[in-house]
Structure formats: structure tokens, C-alpha cells
Amino acid sequence: MTGTATRIMKRVRVRGRGKWVFGATDFLDIGKRPAVDQALSRLAKKGGLRRIGPGLYDRPRISRVLNGPARADMDAVIAAIARRDNVRIVRDGAAAANQLGLTNAVPAKAGYLTDGPSRVITVDGRTIRLRHAGPRVMSWAHRPAGPVVQALRWLGKDNLKDTGIVTTLASRLPDVVKKDIVRHRRYLPGWVADLTRDLETPENPAECPAECPAE
């Protein structure tokens, strides 16, 4: 094994099986791009790593149920794509609403929003749909309330008339998420902002600090 490959495997092992998806850009401090690409390719051919998509690899967890390698962790896949392509990626509204228990609908394909180009990617046999979203939507990326905002946008104005949604959010959301929504309410569509008034409490005042998303 070359020096580059040895150092790559050392870093991968530290992360543990099934917990990290990576590509060449994660090892450019170890060697130049051609050497890193070659090392990853050789490691995958020898079975030390698994190639799960264009330029993406992992060290899979072994599943007793499957009696073989388990599927790659989807969150780790998305994080790897975002690092590789230098973009932000978040779950789309349908996936966020399902995760929050606001809908029983399960998307047929994994859908995500990104500030990069729209495209469809196949990784580890799964189809990932990336849809470009503008700055106003992506300004919520990686904020505590980001998934909730995406879910409410997806549900739409008519569905938000259901008071059960407010009850569900009020009972399930951590205070840090409620506070994030209330404090940044001015950057939401009016019909979403109106709903968030029911989340406002003396502990979650409608204030907007300096780190508010840009309009």
C-alpha cells in the first residue's frame, strides 16, 4: 500500500464503519489530486473501501441481517456531496414534513434543496433529487428551524389552516427551534409568519438579532 493510501485508511478507520462518506477532496492535505484519486480507486478494488457513487466512497458497516455491507448513511452521503461540490444541501419540504410527523406521505425519491444546480444523482443504488432553491429559501439552511420552515412551505397555505399542525409543532419542537422561528419571522411568507405567532411566548419573543437571514 502506498504512503497516500496508508494515510487515507488511517483517517477512514478513525471515523468508524458506516459513519462517514468521503471523496478525494477530503484528502487533499495528504496528497495531490491524481495521487488521492488513484489511491482511493485501488483501495476500493482491494475491498478496503466501497465505491458508492461517482467520486464517493465509504467503509461500510457489516449488517448481520443482510449478511453483508449495509447501505450507506444518507445524511453522510448528502454531507459528502455538499463538501465535494462546495454547495449547501437541505431536505426538501416533503421529507422534512414527514420527519416532523406533519404528513404520512413518504417521498418516492429522496428530495433535497440546494444552492447548487438542479440534478439527479444515484448513490448506493438510491436516487437523490437535488432541486435548486434561491437565497431566500437557502438562508434557512442549517439553522435550527430550517427543516420546520421547509415543511411549512411544502404543506402550503390551505393545509396550515389545520390547527392540529400548530398543536403538533408546539408540543414537539424544542425551545431553540421555536425561538429561531419566532425571532426570524419577518423573513417568512406572510401566511407562514401568521402561524408562528402561536409559538411566541415570553421566553420566545419576536426579536431579530444581527444574524437574521438576508432578505
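This report takes a look at the protein as a whole and then at helix 2.

First, a word of context: what you have here is a predicted model. The protein's secondary structure adds up to nine helices and nine strands. Out of its 215 residues, 46% count as buried. If you take the contacts with a separation of 6 or more, 57% of them are between residues 24 or more positions apart. As for the outside, the protein exposes about 11,800 Å², with carbon and sulfur atoms supplying 49% of that area.

Now for helix 2, which runs over residues 33-46. Its 14 residues reach 20 Å from the first C-alpha to the last, close to the 20 Å expected at 1.5 Å a residue. Four of its residues, V36, A39, L40 and L43, are buried. They sit on the same side of helix 2 because they cover an arc of only 100° around the axis. The spacing fits a general rule: an α-helix has 3.6 residues a turn, so residues three or four places apart point the same way.

What lies over those buried residues? The cover includes one helix and two strands, listed here.

| Element covering helix 2 | Residues |
|---|---|
| Helix 1 | 3-15 |
| Strand 1 | 21-22 |
| Strand 3 | 56-58 |

Turn to the face of helix 2 that looks away from its buried side, and you'll find the exposed residues P34 and K45. Right after helix 2 comes G47, and its phi is positive, near 95°.

Methods. Residues are numbered from 1 along each chain as its sequence is written. This is a predicted model: local features need pLDDT of at least 70, side-chain atom pairs count only at pLDDT 80 or more; totals for chains, interfaces and linings use all residues. Side-chain values use heavy atoms; hydrogens and water are left out. The expected span of a helix is 1.5 Å times one less than its number of residues. Buried means under 20% relative accessible area, exposed over 50%, partly exposed in between (1.4 Å probe, protein chains only). The arc is that of the directions from the helix axis to the C-beta atoms. Contact means heavy atoms within 4.5 Å. Accessible areas come from the Shrake-Rupley method with a 1.4 Å probe; for residues, only the protein chains shown count as cover.
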